[in-house]
Structures are given as C-alpha cells and as structure tokens.
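This briefing is intended for a reader who has the sequence and the coordinates at hand. Please keep both in view while reading the points below.

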Amino acid sequence: NFGVNWQSNNAGQFGKLKFVNNNTGWMYKGNQFENMLWKTTNGGLNWILQIHPLSRLLSIDFIDANTGYGGGSPDLMFTTNGGNNWSIYKSESYNADIKILSPFSAILVGGNNFIAKTTNSGVNWNNISKDIGSMIGVKFFSTSEGYIFGEQGIFARSYDGGSTWNKIQTGTLDRLKMFFL
C-alpha cells in the first residue's frame, strides 16, 4: 500500500535494497561479519538466501527480474537468471557501487580513482578513471545524467552516460553519500 503500513521482518541491518517490480527484489548484508544476498518474489513477505561468489558484496543493481550485477571485493559478478547463478568478471579495484543504465550499459566505481563502463552487458569494461578520488557511490537520473560521490568530499557529474566526469568542488573533506527514494 505504498508505505502506508509497515511490518518488521527482523532483518537487522542491511546494505542496499533493490526492487524491480512490486514483488521481486534483493537486499544484501555486506560488512566484515556478514556477506549475504537475499531475494524475495512476494513483495518482501519472505526472503530466500542466495549464494554468490564474492568475498565481500558492496553493491547490487538489477534492471529486471533476471539481469543484475553485484560489485564488491575483489571482483564483479553478473547474473541472467535472477541470482540463481553468477558469472565473475575480474576487476582491478574493489567495486564500491554499480548502476545499470540499460540492458547493455552499466557504470562501476570504486577506490583509487576507479571508474569503469560497459556497453556490451559486462563482456568488456572500459576503464575511464580520472583523478577524482576514492568513490563509494554512483547515481543516475537518466541514461545520460549521473553523479559519483565518496571520500574526502568527492563529487563529480556526467552528462554523457558516464563516459566523461567533471569534478565539483564541495568545500568539505567529509565522506559524501546520496540518498533518493
């Protein structure tokens, strides 16, 4: 009922929640103690633990009920069957966050100036890193306009789907995060 009423399922603290429709969604717990990925197909009433290959899961994003990515340490994972099986893509950095822009395109950000983009469903990743800093998140409002943010006031904007980034001075050295509903 669009958040009018809430029920607790005692899930504890989790990292990210991603729903692709009213029923199908994922949440993960990724910290030094837990590395779990959970899936629901009934709007969150019940959750099923899904096995994944990463030693530390830091982010997830799905474009539909079947196709999704998971970023973390040390690699990136990809599924085409709703998380029942995962393929591994080797990465040169830990992967703090990922955003799927289309069925073929996604942006991946992480530490040590790491930004990568795929335009062929993850088969190849172009390293488009710049001297921006250690990034912890990426958000896009369309397939062209996006933002990255992170440690020590890192904030940058892209108007071309993440191919180029322009750093924005924030005047802070604090860790930046962005939250949207």
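Which residues of the largest nonpolar core touch the most other members? In this predicted model, the residues in question are I107, I115, I132, I148 and W165, out of the 13 that make up the core. The protein chain holds 0 helices and 16 strands, and 45% of its 181 residues count as buried. Of the contacts in the chain with a separation of 6 or more, 33% are between residues 24 or more positions apart.

**Nonpolar cores**

- The largest nonpolar core has 13 residues; strands β10 and β13 (135-140) each contribute at least two of them.
- Strand β13 is the main contributor to this core, with 3 residues.
- Beyond its neighbours within four places in sequence, I132 is in contact with N113, I115, I148, I154, A156, W165 and K167.
- A second core, separate from the largest one, comprises 10 residues, including Y69, Y89, I100 and L108.
- As a general background, nonpolar side chains in soluble globular proteins tend to be buried together.

**Strands β9, β10 and β11**

- Strand β9 (residues 95-100) is largely enclosed by the rest of the structure, because 5 of its 6 residues are buried.
- Strand β9 runs antiparallel to strand β10 (residues 106-110), and the two are joined by 5 bridges.
- These two strands form a hairpin, with 5 residues lying between them.
- Within this pairing, D97 stands opposite V109, and K99 has I107 as its bridge partner.
- Strand β10 is mostly covered, as 5 of its 5 residues are buried.
- In a regular strand, side chains alternate between the two faces of the sheet.
- Both faces of β10 are covered: A106, L108 and G110 are buried on one side, and I107 and V109 are buried on the other.
- Strand β10 also pairs with strand β11 (residues 115-118) in the antiparallel sense, through 4 bridges.
- In that second pairing, V109 of β10 is placed opposite I115 of β11.
- Strands β10 and β11 form a hairpin with 4 residues between them, and N112 in the turn has a positive phi of about 55°.

**The open sheet from β13 to β16**

- An open sheet is formed by 4 strands in the order β13-β14-β15-β16, with antiparallel pairing.
- Its edge strands are β13 and β16 (166-167), each of which pairs on one side only.
- Strands β13 and β14 (residues 146-150) are antiparallel and share 5 bridges.
- K139 is found opposite Y147 of β14.

**Salt bridges**

- Side chains of opposite charge can pair when their charged atoms come close.
- The model contains 2 salt bridges.
- One of them links D61 to K18, with the closest N and O atoms 3.4 Å apart.
- D61 belongs to strand β5 (residues 56-62) and K18 to strand β1 (residues 16-19), so this pair ties together parts that are 43 residues apart in sequence.
- D61 also meets K99 in a salt bridge, at 3.8 Å from N to O.
- K99 lies in β9 and D61 in β5, so this pair ties together parts that are 38 residues apart in sequence.
- Through shared partners, K18, D61 and K99 are joined into one network.
- D61 counts as buried because its relative accessibility is 2%.
- K18 also counts as buried, at 19% relative accessibility, which is under the 20% cut-off.
- K99 is partly exposed, with a relative accessible area of 23%.

**A buried lysine without a salt bridge**

- Where does K39 lie in the chain? K39 is part of strand β3 (residues 35-40).
- K39 is buried yet has no salt bridge.
- D64 is the nearest side chain of opposite charge to K39, at a distance of 9.3 Å.
- Which backbone oxygen does the side chain of K39 reach? The side chain of K39 reaches the backbone oxygen of G82 at 3.2 Å.
- Apart from neighbours within four places in sequence, the residues in contact with K39 are T24, G25, W26, N46, W47, I48, Q50, A65 and G82.

How values were computed
Residues numbered from 1 in each chain as written. Predicted model: local features only at pLDDT ≥ 70, side-chain atom pairs only at ≥ 80, totals over all residues. Heavy atoms only, no water. Buried < 20%, exposed > 50% of the residue type's maximum accessible area, 1.4 Å probe, protein only. Pairing = 2+ DSSP bridges. Lys, Arg positive; Asp, Glu negative; His and termini not counted. Salt bridge = Lys/Arg side-chain N within 4 Å of Asp/Glu carboxyl O. Polar contact = N/O pair within 3.5 Å; in protein donor to acceptor, adjacent residues only side chain to side chain. Contact = heavy atoms within 4.5 Å. Core = buried A, V, L, I, M, F, W, Y, C linked by side-chain atoms within 4.5 Å.
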